[in-house]
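The following exchange examines how descriptive terms are assigned in a protein model. Each answer sets a value against the criterion behind the term.

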Amino acid sequence: MTSREYDLIVIGAGPVGENVADRATQGGLSVVVVESELVGGECSYWACIPSKAMLRAGAALSAARRVKGAAAAVTGSVDVAATLVRRDELVHHWDDTSQVDWLHGAGIDLVRGHGRLTGERQVTVTGADGSETVLTARHAVAVSTGSAALLPDIPGLREVQPWTSREATGVHDVPASLAVLGGGVVGSEMATLFTSFGATVTVIARSGLLRGVEPFAGEAVAKALTDAGTAVRTGVEVEKVSRDGGGDVVLSLSDGSEVRAAEVLVATGRVPRTSDIGLETVGLEPGAWLDVDDTLRVRGVDWLYAVGDVNHRALLTHQGKYQARAAGDVIAARARAADIDDAPWGSHVATADHAAVPQVIFTDPEVAAVGHTEESARAAGLDIRVIDYDLSWLAGSSELADDYQGRARAIVDEKRRVLVGATFVGQDVGEMLHAATIAIVGEVPIERLWHAVPSYPTIGEVWLRWLEEYGR
């Protein structure tokens, strides 16, 4: 057994843990990161990067087919083998050498193995060979272990060895058919992906697609999937699962029907990776989400921080990295006994987690949303006005694609006359989202937005149309 001492210990070397470590190091602290898998984490190897790389081929092909002159040049379907080669290149063939080199270049130490809290400011790391390293933190420990796929308690499900997002994004042999259990972001994106790969796909979603965004977004994605040949089954539940004699998965549904597929992908939610990290040693419940304040410090334990998915505030890579910057900075500031800027929108807090979280869903059409929906704004007691606009009416949309289909919704707080929510649905709308995020976070008055002139002809001209609809 060996022992070492640092100012900060970070458990988890995904993008979130890396950013906590980097900011604290820049603040003058000595930092070590503990990682049991690949440095770079879920996003780099099993989530954001591979999934978007795989989705891109189908999206590019669909975009070409929507433009006369380009459509005639499209003579085939997605080249699945080439797409998977590109995926492998973007995940560096699941080799984290470059990420490890980055850590070392940033002055951050790495200990490989499974880290568990074993005392106050103490983490014991068990290596693959069984060796133990005891790490002690002078100031803080940050947990950035992320989340894993939730497997619902459905009879027979575990026995059929279902796919999670990891198996889906790491696929090498595309199944002839796939059943997708869940209609959230992962389920909708993976249904889009495997349909573009030529698989026969069935989505089973108890409450429709993409709950949590505006209803018209989920409806548009469901229609597009159906038009592409995907079977979308809503309002039903899976009651039991088995494999037949030929190896196919058989899903028995609550309406008495069955769905058969070569594989089943479970995309019904996430659970925190906290079941085996020693939370019981500090009086916390193993397997639970970690409750934090806006500086990302775990309530009741003044030296423990939880950053990223594990705190259940916003399960998105970019939002976790945003939290990480605040956490790394505040840990360094507290270590120096410096002033803490923890007022709303201060440099040491993650204020945006509450009402300004942006998200792009890479279905076809894309869905991009930030801030409130109509439902959440009314539930928050805001006096709002809802402005909808058909994106097909824009000259920029007509230039982008023949028969463009899309919709944009703005939610305006009438009391303050500022934007508090925006949702876009349509081809390439993801690149439009950051303008809305800036307007919401900056609380830009409607009167000032009139002076932010959108270029013509672009889809961004929807901002002018929203303003015209709203009036002076």
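Q: What makes the end-to-end distance of helix 3 (residues 48-65) agree with its 18 residues?
A: The model is a predicted one. At 1.5 Å a residue, helix 3 should span 26 Å, and its end C-alpha atoms are 26 Å apart, so the two values agree.

Q: Where does helix 3 bend, and by how much?
A: The bend is at Arg56 and amounts to about 30°.

Q: Which residues of helix 3 are called buried, and against what do the buried residues pack?
A: Buried means under 20% relative accessible area. In helix 3, Pro50, Ser51, Ala53, Met54, Leu55, Gly58, Leu61 and Ala63 are buried. The buried residues of this helix pack against helix 2 (41-45), helix 4 (80-90), helix 6 (165-169) and helix 7 (185-196).

Q: Why is Glu366 not assigned a salt bridge?
A: A salt bridge requires a side-chain nitrogen of Lys or Arg within 4 Å of a carboxyl oxygen of Asp or Glu. For Glu366, which is buried, the nearest side chain of opposite charge is Arg56, 6.1 Å away, so the criterion is not met.

Q: What does the side chain of Glu366 reach, and which residues are in contact with Glu366?
A: The side chain of Glu366 reaches the backbone nitrogen of Val429 at 3.3 Å. With neighbours within four places in sequence left aside, Glu366 is in contact with Ile361, Phe424, Val425, Gly426, Asp428, Val429 and Gly430. Glu366 itself belongs to strand 18 (residues 366-371).

Q: Why is the pair Glu374 and Arg378 called a salt bridge?
A: The N to O distance between their side chains is 3.2 Å. The limit is 4 Å, so the pair qualifies. Both residues lie in helix 10 (residues 374-379), 4 residues apart, about one turn of the helix. In general, an α-helix has 3.6 residues a turn, so residues three or four places apart point the same way.

Q: How do you know that Arg409 also pairs with Glu374?
A: The closest N and O atoms of Arg409 and Glu374 are 3.3 Å apart, and the pair forms a salt bridge. This pair links distant parts of the chain, with Arg409 in strand 20 (residues 407-413) and Glu374 in helix 10, 35 residues apart.

Q: Why are Arg409, Glu374 and Arg378 described as buried or partly exposed?
A: The lower boundary is 20% relative accessible area, and exposed begins over 50%. Arg409 has 8%, and is therefore buried. Glu374 has 25%, so it counts as partly exposed. Arg378 has 46%, and is therefore partly exposed.

Q: Which residues are linked with Glu374 in a network of salt bridges, and how many salt bridges are counted by this rule?
A: Glu214, Glu374, Arg378, Asp388, Arg407 and Arg409 are linked in a network of salt bridges. The count by this rule comes to 32 salt bridges.

Q: What makes Asp291 and Arg299 a salt bridge?
A: Their closest N and O atoms are 3.0 Å apart. The cut-off is 4 Å, so the term applies. Arg299 counts as partly exposed because its relative accessibility is 48%.

Q: Which peptide bonds lead into Pro365 and Pro457, and are they cis or trans?
A: The bond from Asp364 to Pro365 is cis, with omega near 15°. The bond from Tyr456 to Pro457 is also cis, with omega near -5°. Pro365 lies in the loop between strand 17 (358-361) and strand 18, whereas Pro457 lies in the loop between helix 13 and helix 14. In general, most peptide bonds are trans.

Q: What makes the phi values of Arg121 and His312 worth stating?
A: Most residues other than glycine have a negative phi. Arg121 has a positive phi of about 60° although it is not a glycine, and phi of His312 is near 65°. Arg121 is in the loop between strand 4 (114-119) and strand 5 (122-126), and His312 is in the loop between strand 16 (304-306) and helix 9 (317-335).

Q: Why is Arg121 called partly exposed?
A: Its relative accessible area is 21%. Buried requires under 20%, so Arg121 is not buried but partly exposed.

Methods: Residues are numbered from 1 along each chain as its sequence is written. This is a predicted model: local features need pLDDT of at least 70, side-chain atom pairs count only at pLDDT 80 or more; totals for chains, interfaces and linings use all residues. Side-chain values use heavy atoms; hydrogens and water are left out. Helices (H or I, at least four residues) and strands (E, at least two) are DSSP runs, numbered from the N terminus. Buried means under 20% relative accessible area, exposed over 50%, partly exposed in between (1.4 Å probe, protein chains only). Lys and Arg count as positive and Asp and Glu as negative; His and the chain ends are not counted. A polar contact is a pair of N or O atoms within 3.5 Å; within protein, one must be able to donate a hydrogen and the other to accept it, and residues adjacent in sequence count only if both atoms are side-chain atoms. Contact means heavy atoms within 4.5 Å. The expected span of a helix is 1.5 Å times one less than its number of residues. The bend at a residue is the angle between axes fitted to the seven residues ending there and the seven starting there.
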